[in-house]
Amino acid sequence: YNHNPLRLTYNYIGARYDEPLQEDGDIHQARLTWIREYSTQLTSKLGLGPSYEKTEGRDANWGGNGIAELKYMGQRNSLTALIDKRYDVDNFSGTSRRGFVDTWNALLSYTHQPLQDLSLNAYLSYLYEDRENSIVGISRAIDAGADQEITDREFNDLETYHRDRYQAGIGLNYNFFQDYSALISYRFTRQESDIVFDNYDESRLLLTLSWRRDLLRW
């Protein structure tokens with residue numbers, strides 16, 4: 001049992017803002033991915049390609065993107081280990097943070113299904129981000145004082161900052177009455193940032209009740 005497909009993908013992200021102080025920009029990413037199927041249970045994925053990011057008023061950035069993944073799918077257990085590198089844009093996070101993000105994401109996830117309708121999931125993740133945000137540059141320029149002259153180049157340099165996010169989570173899902181499911185989950189998040197007010201620890205307990213039914217079949 002041996003399959004080795006190759007996939008070529010291209011991803012484009014364009015951001016256009018109404019706010020004059022928020023720079024527009026574009027991201028182009030291509031990736032060649034090799035998938036290795038060792039058996040019906042074990043699969044690996046390796047991908048690599050170039051990335052190009054250009055923000056209005058700033059120098060263009062050339063970099064790389066890639067993925068390394070190992071996945072095991074057993075009868076009642078699954079295990080996934082993943083490292084992913086890419087450029088992304090943050091626009092809908094519910095905060096004032098907007099702009100392009102250079103990310104590394106590492107994930108270790110485990111799922112166990114002791115019963116047909118009961119499953120347990122646990123994961124650990126680490127997110128490394130280099131971010132660009134004009135709002136941060138503005139606030140830092142204000143903090144520097146009105147009497148201190150800041151050049152355009154220095155202002156642009158102030159816009160870049162870094163943060164790390166660590167997460168651990170566990171959840172228990174139960175399916176009942178065919179179309180219903182209940183999930184109880186706990187997640188702990190720790191974020192460390194170059195910006196003091198961007199640091200936090202968060203614990204979140206969530207209870208979810210879901211209903212799903214296929215209304216139409218094609």
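Before we start: "partly exposed" here covers residues between the buried limit of under 20% relative accessible area and the exposed limit of over 50%. By that yardstick Tyr180 is partly exposed, at 34%. Keep in mind that this is a predicted model.

**Exercise 1. The hairpin**

Work out how strand 8 and strand 9 pair, and which residue in the turn has a positive phi.

*Solution.* Start with the ranges: strand 8 covers residues 160-176 and strand 9 covers residues 180-193. Next, check the direction; the two run antiparallel, with 14 bridges between them. For a concrete example, pick Gly171 and look across to strand 9, where its bridge partner is Ser185. Finally, look at the turn: three residues separate the strands of this hairpin, and Phe177 there has a positive phi of about 50°.

**Exercise 2. Aromatics around the turn**

Classify the ring pair Phe176 and Tyr180, and find the cluster these residues belong to.

*Solution.* A search of the whole structure turns up five aromatic pairs. One of them is Phe176 with Tyr180, with ring centres 5.8 Å apart and planes at 20°. Planes under 30 degrees apart count as stacked, so this pair is stacked. Now check accessibility: Phe176 has 23% relative accessible area, so it is partly exposed, and Tyr180 is also partly exposed, at 34%. Last step, the cluster: Tyr174 and Phe177 join Phe176 and Tyr180 in one aromatic cluster.

**Exercise 3. Salt bridges between strands**

Find what Glu129 pairs with, and decide whether the two partners are buried or exposed.

*Solution.* The whole structure holds twelve salt bridges. In one of them, Glu129 meets Arg163, with the closest N and O atoms 2.7 Å apart. Glu129 sits in strand 7 (residues 118-132) and Arg163 in strand 8, so the pair ties together parts that are 34 residues apart in sequence. Both partners are buried: Glu129 has a relative accessible area of 7%, and Arg163 has 7% too.

**Exercise 4. Two further links**

Locate the partners of Asp179 and Glu202.

*Solution.* Take Asp179 first: its side chain forms a salt bridge with Arg213 (2.7 Å, N to O). Asp179 is in the loop between strand 8 and strand 9, while Arg213 is in the segment after strand 10 (200-211), 34 residues apart. Asp179 is buried, at 15%. Then Glu202: its partner is Arg187, with 3.7 Å between the closest N and O atoms. This one links strand 10, home of Glu202, to strand 9, home of Arg187, across 15 residues. Glu202 is partly exposed at 25%, and Arg187 is partly exposed at 25%.

Conventions:
Residues are numbered from 1 along each chain as its sequence is written. This is a predicted model: local features need pLDDT of at least 70, side-chain atom pairs count only at pLDDT 80 or more; totals for chains, interfaces and linings use all residues. Side-chain values use heavy atoms; hydrogens and water are left out. Two strands pair if DSSP finds at least two bridges between them. Helices (H or I, at least four residues) and strands (E, at least two) are DSSP runs, numbered from the N terminus. Rings of Phe, Tyr and Trp (its six-membered ring) pair if their centres lie within 6.5 Å; planes under 30 degrees apart count as stacked, over 60 as edge-to-face and the rest as tilted. Buried means under 20% relative accessible area, exposed over 50%, partly exposed in between (1.4 Å probe, protein chains only). A salt bridge is a side-chain nitrogen of Lys or Arg within 4 Å of a carboxyl oxygen of Asp or Glu.
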